[in-house]
Amino acid sequence: MRSPAPRRARLSLTRVALLGASALLIAFLVLPFVALLLRVTPGDLAARLASPMVLEALRLSLATSVAATAVVFVLGVPVAWLLATREFPGKRVVEVLVDLPMVLPPTVAGFALLMAFGRAGLAGRALAALGLSLPFTTLGVVVAQVFMAVPFMVGPARASFSGLDPKLLDAAATLGARETFTFFRVALPLALPGILAGVAMSASRALGEFGATITFAGNLPGSTQTMPLAVYEALQSDLDAAVALSVLLLVMAFGLLLGLRAAPVGSFWGHARARAAAR
Amino acid sequence: MLELRLASRLGAFHLEAQLEVAERSVMVLVGESGSGKTTLLRCLAGLQRPERGRIAVGGEVWFDDDTGVWRAAPERSVGVVSQDVALFPHLSAAENVAFGLRARGVGATERRQRVAAALERLGIAALAARRPQQLSGGQQQRVAIARAIVVEPRLLLLDEPLSALDAASRRAIRAELWRLLAELSCMTIYVTHSPAEALSFGERITVLEEGRVSQTGSREALMRSPRSRYVAEFLGVNLFRGSLAPAGAPGQPPAGQTRIALPQGELVVSERATQDDAAIVIRPREITLALERPTGTARNVFEGTIEELLPEPPDGELVRVSLASRPPLIAEVTRQAVAALELAPGRRVFASFKAAGVHLVTETET
């Protein structure tokens, strides 16, 4: 008879805890962004963004992250397919390797890249013989971004491939389709939502990459100074430029994630179904 | 000719089967879930490699552990239709049907013609441009059948193709599938849970129980002497378990006959029971139906109302009648008899059969 009362009390306590935690966390996330946005007027922002330093950094950032995303896509999707469809000795090790850049301090990653691909590095001599030099070049920026973005491409793509109905893959096989045919005709189109998520996340990661880039490729305006690096430099000399760059990066990151949510990738076939039902 | 002999172990489960299917014929494979049907089909389709044995289809060896031959699914001429359809959701009906031809490198012109012919054959030409999610269950299954047969496989594997459908579309497709299978020049293995399907499709029936073939033979042979309780129950022959009626009870039958007490009544059998417990089979065809209590020589007469009439095979001459009598009986009569007696669900009839029509069964397992 008395049980409903304490139950209701506990329920409202839960509610307070949930609401309180949510409010606190959201405020914590929003406040820095608001502070950033309050620092500038739109007119000032436009003027700052038109400065050569900012434009140069923006151009470099866009070019390198598009290139890095393309490389991660081409190399990452086959690896994701391999991990999703095969068992092989050492698979665990490969899985850990693929995830490692996500948890590794970026400066450590950059340093390791330097040891590997630097002039005196393990593979540096071979590259030099080919006339290629990575450290402190734009190409080096792309390499650093690729290294850091790998887990963000392979993870979602692999999950998407693993989530495919095995019966569809079996059906393809009994219809005479070999693996390559099945991959391009069945797996890739059906795993598209996850793969696009991977593309968006690796692009965001490449765009925001700082530690590995500055360690491996340096901070040279025009050739290796991407936007995050430009923010870091501007902080020490020109605070308003730092604010402008930060706002720009914030808007781009927000746009990428929002686009990912709003685009029909999450329920790609669900939308086709909805269209069909409307007919 | 398909020859199969294989052994495959999956954890504690052990499949050991031997099977032969004649050219252009349909073999029905029945068995409870967990009996190994799916494993057997996966081995035949090339999706799973058995440990030991040999699979040869029309002289072509698909698997032989002695010589190490193994052809995976894409290298076999096989068509598969399963209960969960497995159509490609991102492709239209026509593209689904074209998939196998495309994978085998058939040119665009020939592909279009063959896809159109297959869609036409299954009566779904008008649905060619639809995506699977825009199709009903029955329509999806037609697309899946068209997709499997358009490549003209040597071996067609139908894994409970109708079991996911509602009763109405099941009936419609069953009749069509029956005609279709008769036209096809391939060998077919038809897995089913449904006795009606087994009896209508199968010239030969193979029963799989706990990973072993427990019985294989013609429909007639299986109905005449089901070797296990499962087979009898599956085929819908009347199988009862009873015990010898105590001697000296009133109404003692003539010499040479035995009275068997069932939980729901009593039967007279013209065989001598040797055990106290007996399993009894009454073939549905031995049972005669009449509107009046028969006065003839039949020793066993039961009264009851008709529950269901089921044509067997779908367009055939015979009709299976299930009776709510005590014990419940299934009779098989001709279409003419149904018409003459105006048999319909709910009608009261008398079912009778001679003592000689009842058989005691020695069960291999219970």
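**Close-up views of chains A and B**

**View 1. Strand S18 (residues 318-325) of chain B is home to B:Arg320.** Before going further: this is a predicted model, where local features need pLDDT of at least 70, side-chain atom pairs count only at pLDDT 80 or more, and totals for chains, interfaces and linings use all residues. Residues are numbered from 1 along each chain as its sequence is written, while chains are lettered from A and ligands numbered from 1 in the order in which they are written. Strands (DSSP runs of E, at least two residues) and helices (runs of H or I, at least four residues) are numbered from the N terminus. Is B:Arg320 buried or exposed? It is partly exposed, because 19 other C-beta atoms lie within 10 Å. For that label, a residue is buried with 20 or more other C-beta atoms within 10 Å of its own, exposed with 12 or fewer, and partly exposed in between, with C-beta atoms placed from the backbone. Look also for B:Arg335: 15 residues separate it from B:Arg320 along the chain, and the two C-alpha atoms are 9.6 Å apart.

**View 2. Here is B:Glu60, in strand S5 (residues 60-64) of chain B.** B:Glu60 counts as exposed because it has 12 C-beta neighbours inside 10 Å. Now find B:Leu341, which is 281 residues from B:Glu60 in sequence. In space, C-alpha to C-alpha, the pair is 54 Å apart.

**View 3. Helix H2 (residues 93-103) of chain B is mostly covered.** Of its 11 residues, eight are buried. They are B:Ala93, B:Ala94, B:Asn96, B:Val97, B:Ala98, B:Phe99, B:Gly100 and B:Leu101. What do these buried residues of H2(B) pack against? Their partners are helix H3 (108-121) and helix H4 (137-149) of chain B. After H2(B) comes B:Gly105, with a positive phi near 75 degrees.

**View 4. Stepping back, chain B has nine helices and 21 strands.** Its C-alpha trace spans about 80 × 50 × 30 Å along the principal axes. Chain B holds 366 residues, and 41% of them are buried. The domain assignment (bounds come from an automatic or database assignment) splits chain B into domain 1 (2-224) and domain 2 (237-361). Taken over C-alpha atoms, the centres of these two domains of chain B are 37 Å apart.

**View 5. Over in chain A there are 14 helices and zero strands.** Of its 279 residues, 34% count as buried. How is chain A divided by the domain assignment? It gives domain 1 (1-38) and domain 2 (43-278). The C-alpha centres of the two domains of chain A sit 35 Å apart. Contacts (C-beta atoms, placed from the backbone, within 7 Å) tell a bit more about chain A: among those between residues at least 6 apart in sequence, 77% join residues at least 24 apart.

**View 6. In chain A, H3(A) and helix H7 (residues 138-162) pack at an angle of about 35 degrees.** The axes of H3(A) and H7(A) are 6 Å apart; axes are lines fitted to C-alpha atoms over the stretch in contact, and angles run from 0 to 180 degrees between N-to-C directions. By class, the contact of H3(A) with H7(A) has 20 nonpolar, eight polar and one charged residues. Here Ala, Val, Leu, Ile, Met, Phe, Trp, Tyr, Cys and Pro count as nonpolar, Asp, Glu, Lys and Arg as charged, and the others, Gly among them, as polar.

**View 7. Helix H12 (residues 227-237) of chain A has buried residues, including A:Met227 and A:Leu229.** A:Ala230, A:Val231 and A:Ala234 are buried in H12(A) too. The buried residues of H12(A) pack against helix H3 (52-85), helix H11 (211-216) and helix H13 (239-262) of chain A.

**View 8. Where the chains meet, 18 residues of chain A are in contact with 20 residues of chain B.** On the chain A side, helix H8 (166-174), helix H9 (179-190) and helix H14 (268-278) each supply at least two residues. Which helix gives the most to this side of chain A? That is H8(A), with six residues. The residues of this side of chain A divide into 12 nonpolar, two polar and four charged.

**View 9. Last comes confidence in chain A, where the average pLDDT is 88.** This score is the predictor's confidence in each residue, from 0 to 100. In chain A, 90% of the residues score at least 70. Over residues 265-279 of chain A, though, the pLDDT is below 50. Beyond near neighbours in sequence, that stretch has 16 contacts in the model.

Key
Two residues are in contact if their C-beta atoms, placed from the backbone, lie within 7 Å.
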